[in-house]
Amino acid sequence: SARFTLNHSLYVMLFFFLSMLYVTDADECTEGTDDCHIDAICQNTPKSYKCICKPGYKGEGKQCEDIDECENDFYNGGCVHECINIPGNYRCTCYDGFMLAHDGHNCLDVDECLDNNGGCQQICVNTMGSYECQCKEGFFLSDNQHTCIHRSNEGMNCMNKDHGCAHICRETPKGGVACECRPGFELAKNQKDCKLTCNYGNGGCQHTCDDTDTGPVCGCHQKYALHSDGRTCIEKDEAAIESSEFNATSVADVDKRVKRRLLMETCAVNNGGCDRTCKDTATGVRCSCPVGFTLQPDGKTCKGQLLFALQCIISL
Ligand SMILES: [Ca+2]
Ligand SMILES: [Ca+2]
């Protein structure tokens, strides 16, 4: 029993010595004595502290650098038109005639005809990336492309619809007519029709447009497939994405999941679900317990360890 008493004292001394170590730990993060980068999150540890770069930044914590999400031209940050890198994040923008979808990445056609009939005097026809005005029978479209002029039956001039110009009719000094096209279009070989190019309304393409001899050819961002109309892009089904672009999408998905969790879990709301101390970190909330308590496997609850420990010692 003398040996038991000795063991008993040793355990008690060891226990209080260890407790003292915890009590005297300085929290460099709250004291502001850490040397974490301005774009890092400081996390206190029992004997020191850790620096973790914030989401959207890379580095070891003492130095953090913005991640250029737009760097990969092929993935383009997941943006179907333009990707703009900003500190700690990125933003997608769309070409004229398009608007950003709710997912912040896809671009959708704006239906200009919904607003004041697109400014057209008579008929407005919405197209992908643009719109055009048309006139009723007996009228032709004026040079401003919005108002309609009544057709006259006089000779070969621009007031006569028989000039045959698809877009703009100009009267030449010699008395004839010469056709011109609106910006972004090219005059066809017959000198009357106008060929669409990618410079106008994105060539009628929802995502990418390439000029070819036969006119614009549409393409889609890698997460989308071209619709049979040759213009619209539709989201590929999950299985198709996983098999063809597994790496790019899985990285994006993980990124999304992390962001979602960060948005949901914060110490500001319900103390992050923590029993006692809550700290926001790069990977979510981190709960901790005061001396004499241990964090339970759920990562949230604290259970008194002091009484339990003393009971064990005494029972020895
Ligand atoms: Ca960035
Ligand atoms: Ca449109």
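The paragraphs below lead through the chain from its overall make-up to its cores, one hairpin and a few individual residues.

This is a predicted model, in which local features need pLDDT of at least 70 and side-chain atom pairs count only at pLDDT 80 or more, while totals for chains, interfaces and linings use all residues. Residues are numbered from 1 along each chain as its sequence is written, and chains are lettered from A, with ligands numbered from 1, in the order in which they are written. The mean pLDDT (the predictor's confidence in each residue, from 0 to 100) is 82 for the chain, and 78% of the residues reach 70 or more.

The chain holds five helices and 24 strands, these being DSSP runs numbered from the N terminus, with H or I over at least four residues for a helix and E over at least two for a strand. Of its 316 residues, 20% count as buried; a residue is buried if 20 or more other C-beta atoms, placed from the backbone, lie within 10 Å of its own, exposed if 12 or fewer do, and partly exposed in between. Two residues are in contact if their C-beta atoms, placed from the backbone, lie within 7 Å, and of the contacts with a separation of 6 or more, 26% join residues 24 or more positions apart.

In soluble globular proteins, nonpolar side chains tend to be buried together. A nonpolar core is here a set of buried Ala, Val, Leu, Ile, Met, Phe, Trp, Tyr and Cys residues joined through C-beta atoms within 7 Å. The largest such core has nine residues, namely Cys36, Ala40, Ile41, Cys42, Tyr49, Cys51, Cys53, Tyr57 and Cys64, and strands β1 (40–44) and β2 (49–53) each supply at least two residues of this core. A second, separate core has eight residues, among them Cys79, Val80, Cys83 and Tyr90.

Tyr90 also belongs to strand β6 (residues 89–93), where Tyr90 and Cys92 point to one face and are buried, whereas Asn89, Arg91 and Thr93 point to the other and are not. In a regular strand the side chains alternate between the two faces of the sheet. Strand β5 (residues 82–86) runs antiparallel to β6 and is joined to it by five bridges, where pairing requires that DSSP find at least two bridges between the strands. Within this pair, Cys83 has Cys92 of β6 as its bridge partner, and in the hairpin, which has two residues between the strands, Gly88 takes a positive phi near 75 degrees. Ahead of β5, in the loop that follows β4 (64–66), lies Glu71, which is exposed because 12 other C-beta atoms lie within 10 Å.

Farther along, Gln145 sits in the loop between β11 (139–141) and β12 (148–150) and, although not a glycine, has a positive phi of about 65 degrees. Gln145 counts as partly exposed because it has 13 C-beta neighbours inside 10 Å. Leaving aside neighbours within four places in sequence, Arg182 is in contact with Gln145, His167 and Ile168; Arg182 itself lies in the loop between β14 (177–180) and β15 (185–187). Asn202, in the loop between β16 (194–196) and β17 (208–212), likewise shows a positive phi, near 55 degrees, but Asn202 counts as buried, because it has 26 C-beta neighbours inside 10 Å.

Finally, pLDDT stays under 50 over residues 241–251, for which the model has seven contacts beyond four places in sequence, and also over residues 256–263, for which there are five such contacts.
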